[in-house]
Amino acid sequence: MKHALQIFGFTILVSAFYWYVSLWVPQKRTDPPEDIVISASLTTDEMIPIGEEIVAGKGTCLTCHTMGESGTGLRFPDLGNIGAIASERVAGQSDVDYLAESMYDPNAYVVEGFVAGMPNVSRPPVALTDQEILTVIAYLQSLGGTPTVTMDTPLQWQGQAPAPTAATAPDAPPDGATVFTTYACNTCHSLDGAAGAGPTLQGIGSRQTREEVTASIREPDAILVEGFAPGVMAATLNAFGFYDNVTDAEFEALLDYLMEQ
Amino acid sequence: MTINRRSPVLRAACIAFLAFIVLILTGEVAFGAPQEAPGDGDYRTMPFVGSRVFMWVVAELHLMFAAFVLAVPMFALVIEYIGYKTGDKRFDELAYDFTKLLSVSFSFTATLGALLTFGLIILYPALTDYLVKIFSWTFLPYVLLFFFEAIFLYSYYYGWGKFSPRVHLFLGLMLNIVGTAIMFIANAWLTFMNTPNGIDELGNLTSVWDAINNYIWMPINIHRLIANVAFGGAIGAAYGAYKFLGAKTDQERAHYDWMGYIGNFIAICALLPLPFAGYWLGVEIYAYDQSLGITLMGGTFSWLFIIQAVLIGNLFLAANYYLWLSMGRIAGAERYRRFIKYLLALITICFIVWATPHSLVATVEEARAMGGSHHPILNVLGVMSAKNTAVNLLILTTYVSFLLYRRANKEATVSWAKMGNLIQFSIFAVVVIFVVFLGVYGYFVDAQTRIGLSQPQVMSVLFAMVAVTVIDIFLFKNARKRGEIAWGKIPGRAQYALFFLAITFTWLMGLMGYVRAGMRQHWHVYGVIRDTSVDAYTPTLGFAGLVVSVTVIIFFLFLAIVFFLSGLSGKKNWAPKSPPPPEATTTEPLPDAEPATEPEKEPEVAGLPNPLASLLRFIRKKS
Amino acid sequence: MNIFVLLAIIAALVAIQVVGTRFVKLNRLAWMAIWWIALYLALSFGIDPPLPTTIIALFMAIVTLALLAYLSADSEELETAKNTIVSFMTERKYMVPLLIAVVAIPLLVAFKVYSDMTQPPQPPASGRTIHPPPPASINFEGNTINLATANNPYRDLEESDPEAFAQHNANGRRIYFENCFYCHGDNMEGSGMFAHGYDPLPANFNDPTTISQLQESYLFWRIAKGAPGLPGESTPWASAMPAWENFLTEEEIWDVIIFLYEFTGYEPRAQGMPH
């Protein structure tokens with residue numbers, strides 16, 4: 001019995017020693033990042049900064065859109081003055097409805113000179129909630145206009161339960177055309193020869209081999225078509241999670257689709 | 001009477017256990033009350049300690065017992081097999097001694113597992129719901145395997161000596177296979193939380209197999225398999241030490257000294273490949289998500305690896321210390337005593353290098369004197385090249401200690417003895433110079449090449465160990481013996497060194513378990529399910545150290561119960577207090593029932609075999 | 001290294017060795033004490049600039065453990081050491097030294113307390129996370145920059161168009177001496193004219209563990225976001241580094257990064273490598 005107690009004392013001693021060692025190193029507590037709390041009681045003025053943060057962060061809007069002069073309007077329309085012109089874009093549509101439609105159903109109306117291709121931001125991968133979209137509308141209205149939207153403003157698109165995208169459904173065989181739009185290839189590359197942020201893919205199947213196309217997707221910057229900036233395609237594909245998420249089957253389907261062009 | 005003398009222990013143990021049960025029950029009662037915050041059904045709170053600490057301790061205890069239950073059959077089977085092949089009964093007894101610890105531990109593992117599951121369901125319903133949704137059907141084979149585990153475990157334990165050796169070995173093999181499969185399934189659940197896979201952006205399941213086979217599943221499986229053996233060996237050695245200290249006769253002392261030695265031998269052998277398994281794990285974490293990797297190695301947790309260095313340095317120091325003390329039981333070992341101080345100096349230097357942090361804790365004055373937060377000289381020791389070199393030399397030094405132990409009572413009789421020693425020494429010299437050279441060379445090349453250098457370092461150390469061992473076997477063929485190994489002739493502090501090893505292993509396991517879970521930071525499932533509870537923050541390392549320490553102490557309390565209960569099977573039957581009738585029905589004469597003056601059976605005390613040597617002898621005989 | 005101190009310590013050890021073997025038989029306990037003191041002196045005074053006290057404490061703790069292991073690794077020596085201590089405390093002839101020890105030990109403790117209390121007030125010693133994990137991406141003037149994949153867009157010019165690269169380097173030099181050198185110094189040693197006012201000191205780019213261990217995108221993050229952009233775990237942090245995104249353009253930041261590497265002669269760490 002005596003040695004059992006001694007051993008137990010020894011155990012406590014050694015454990016206490018190691019605890020001391022762990023106290024000897026710097027003590028830092030890491031708190032989780034603060035959440036943007038969107039409560040139903042926000043005033044319109046309070047919604048604006050939150051919307052701004054979502055536009056720059058979770059919404060990944062700035063991957064394609066620019067805000068005024070601080071960038072180059074490359075892919076999608078510049079939004080620097082959107083608050084002033086939103087109500088005039090579509091006849092009979094209020095600015096709130098227009099901005100909401102642009103997010104829930106982006107390709108219903110496409111600004112002249114641009115290619116349709118913006119994804120529905122209420123769906124994955126962006127997956128903004130209805131409340132977040134309201135704050136974004138408030139922010140966009142504030143750009144050149146006066147925000148009128150509140151947290152209670154009803155929008156006809158609200159309440160659509162987000163569903164998994166077709167590309168990630170396990171059973172259906174992947175369809176190249178779907179993959180082409182899922183990862184927003186169509187945002188920059190046209191299939192009909194129209195100009196875009198990236199070179200057109202019209203007739204790509206007859207111009208390049210399957211291997212060349214594969215290489216261009218895997219390493220977009222290895223060979224650049226003259227006049228197009230490096231890094232854009234890789235960054236965009238990354239933003240849409242292409243390299244992380246695309247399955248072999250999807251990739252093959254995409255190649256099949258492109259080679260048919 | 002035995003039972004009377006022991007009854008206070010039993011009573012104390014019962015009371016402690018009851019108190020624990022009551023604590024749990026009151027906890028459960030408290031859960032029953034509607035305590036959740038309004039509108040927040042994802043969590044319930046555990047009174048007093050909080051949900052996270054409760055789950056943390058329970059999960060860690062469950063893991064420790066599970067590791068032990070999985071590891072013991074592995075080496076018990078190997079030892080039994082050696083006994084079967086060599087026909088040496090003592091190996092069979094040793095394997096049985098280890099196996100005796102299993103049945104109680106198995107029940108504890110299951111109970112703690114149930115507690116863990118209840119805790120998850122009650123305290124973290126939303127998370128549990130999600131995990132169950134992902135891994136739906138995998139729970140079925142898990143339960144089935146658990147049944148088989150129970151069947152094989154008890155048939156292996158109770159069937160000892162009841163079946164033909166081949167059937168019994170087969171049972172042991174099945175026990176190991178089933179146990180490993182159970183661990184693999186459970187690992188899938190927890191690795192998924194670190195590196196989720198097989199799900200879409202919303203967290204919906206797309207492929208169960210992808211969820212199971214996530215980035216770190218295999219690395220964790222392998223890492224745990226090896227670490228379990230090391231841990232099990234260390235706990236087995238602690239059991240030997242415990243029995244040694246309480247032993248009444250020389251014969252018992254000899255047996256348990258031998259048991260401790262074998263347990264320690266297993267632990268150290270399994271410890272050596274662990275860093276490489278850990279390296280693979282690290283690479284996979286980086287491959288999954290770089291910021292997860294940097295959180296682990298470069299952020300707050302970088303200091304955790306300094307604590308780890310202290311623990312592992314202590315492991316090596318204690319293992320060598322035990323070997324040096326063990327040499328005391330061998331006649332002829334005096335010749336090698338003078339080398340100890342050089343080995344110790346080398347270990348100390350490597351230990352210091354390994355424990356040197358990259359960013360130093362310094363006051364403003366000191367930082368000013370150093371010209372920044374990095375010390376110009378110490379800086380050199382804080383980086384990868386130095387640490388790889390240090391750990392390789394630590395491994396090599398431990399090997400040399402073992403080599404000295406091995407040849408302590410032998411004198412080579414072969415004609416080329418001098419030459420052989422010279423070759424062995426040259427191999428060591430060349431490898432040490434090569435390892436140090438690569439370490440220094442690492443400072444002058446870019447990072448990519450530097451990372452590549454660790455491989456030749458490891459390979460050369462492995463080469464040295466294999467080559468020297470092979471030479472040694474032939475060198476000491478038909479060696480003249482200076483004396484026998486006097487098992488049992490070892491000071492008590494060597495047994496405390498074994499305890500120290502066991503405690504350090506346990507603590508290390510708790511610490512690394514913490515970092516594996518902790519690197520997820522404020523996520524339950526990394527990147528998928530946010531931790532929105534009050535415990536979402538990552539605590540300080542001091543707090544983590546306290547929780548680990550308490551867990552280790554609770555574990556050893558449980559272990560004391562396991563040791564005590566395992567010892568009961570060999571106890572004499574209870575009899576009324578009157579003088580025991582001569583025909584008392586004990587199967588074997590028990591040491592503590594016999595008067596200490598009884599003449600002991602001397603011949604079996606000396607010369608308990610080394611398992612490796614016996615196996616080698618057997619192989620040589622075969623070939 | 002303070003060679004003279006180290007040499008003196010080694011000479012003293014050799015002298016004790018000679019005296020100890022020829023004239024007085026020193027037992028292992030005495031040798032342990034001698035080694036402990038020698039190593040303590042060597043660590044405290046033999047290295048220049050001096051080591052932080054926390055490091056000395058860590059090293060001496062390891063040394064103490066090792067020496068205790070050595071003492072007890074041999075049963076006979078341990079017995080001798082035990083007997084020495086027992087006889088020192090019980091035998092009459094050691095009365096005077098024992099009394100001295102009994103008085104001296106509390107006095108030493110008192111002296112330590114006194115000297116600690118009379119120190120001028122100092123901020124507590126702190127360990128900083130020098131290279132905190134960067135965020136996955138940052139937002140620079142409306143563009144999202146993925147730190148895991150971003151490369152210096154002008155790095156390729158080094159091979160393809162050395163002249164243009166030299167221009168970027170020259171531009172970087174101009175920017176450095178217009179903005180950075182006040183703190184980081186004209187030699188990039190973190191010893192600019194304002195440096196003495198800061199804690200922590202400005203980074204020393206000549207130190208082989210700073211920029212040569214990092215990717216260019218990491219530097220971009222640190223320059224663009226400065227101290228305000230540091231994550232929580234890097235606290236306590238009183239870094240005075242401004243967020244240069246408010247003053248420099250993206251191209252200017254990449255240029256100054258080129259200049260940092262060109263001036264110090266280091267190569268940036270390649271992308272996608274484990275730590």
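The exercises below work through a predicted model of chains A, B and C.

Residues are numbered from 1 along each chain as its sequence is written, and chains are lettered from A in the order in which they are written. Local features need pLDDT of at least 70 and side-chain atom pairs count only at pLDDT 80 or more, while totals for chains, interfaces and linings use all residues.

**Exercise 1. Describe chain C by its elements, its domains and its extent.**

Step 1. Chain C has 9 helices and 2 strands; helices (H or I, at least four residues) and strands (E, at least two) are DSSP runs, numbered from the N terminus. Their order from the N terminus is α-α-α-α-α-β-β-α-α-α-α.

Step 2. The domain assignment, which is automatic or from a database, splits chain C into domain 1 (3–117) and domain 2 (137–264). The C-alpha centres of these two domains are 49 Å apart.

Step 3. Along the principal axes, the C-alpha atoms of chain C fill a box of roughly 85 × 40 × 35 Å. The radius of gyration of chain C is 28 Å, against near 19 Å for a compact globule of 275 residues. This radius is taken over C-alpha atoms, and the globule rule is 2.2 Å times the number of residues to the power 0.38.

**Exercise 2. State which share of chain B and of chain C counts as buried.**

Step 1. A residue is buried if 20 or more other C-beta atoms lie within 10 Å of its own, exposed if 12 or fewer, and partly exposed in between, with C-beta atoms placed from the backbone.

Step 2. In chain B, 44% of the 623 residues are buried. In chain C, the share is 25% of 275 residues.

**Exercise 3. Place B:Pro196 and decide whether it is buried or exposed.**

Step 1. B:Pro196 sits in the loop between helix H7 (165–194) and helix H8 (208–212) of chain B.

Step 2. B:Pro196 has 21 other C-beta atoms within 10 Å, so it is buried.

Step 3. Two residues are in contact if their C-beta atoms, placed from the backbone, lie within 7 Å. Leaving out residues up to four places away in sequence, B:Pro196 touches B:Asn214, B:Val525, B:Tyr526, B:Gly527 and B:Val528. B:Val528 is 332 residues from B:Pro196 along the chain, yet their C-alpha atoms are 7.8 Å apart.

**Exercise 4. Locate the largest nonpolar core.**

Step 1. A nonpolar core is a set of buried Ala, Val, Leu, Ile, Met, Phe, Trp, Tyr and Cys residues joined through C-beta atoms within 7 Å.

Step 2. The largest has 214 residues, and B:Ala230, B:Ala267 and B:Leu501 are among those with the most contacts inside it. Helix H2 (residues 51–86) of chain B gives the most to this core, 23 residues. Domain 1 (3–117) and domain 2 (137–264) of chain C both contribute residues, so the core lies between them.

Step 3. Beyond four places in sequence, the contacts of B:Ala230 include B:Ala267 and B:Phe505.

**Exercise 5. Characterise the side of chain B that touches chain A.**

Step 1. Here 39 residues of chain B are in contact with 31 residues of chain A.

Step 2. Helices H9 (217–245), H13 (302–326), H19 (492–518) and H20 (541–568) of chain B each supply at least two residues of this side. The largest share, 10 residues, comes from H20(B).

Step 3. By class, this side has 25 nonpolar, 12 polar and 2 charged residues. Ala, Val, Leu, Ile, Met, Phe, Trp, Tyr, Cys and Pro count as nonpolar, Asp, Glu, Lys and Arg as charged, and the others, Gly among them, as polar.
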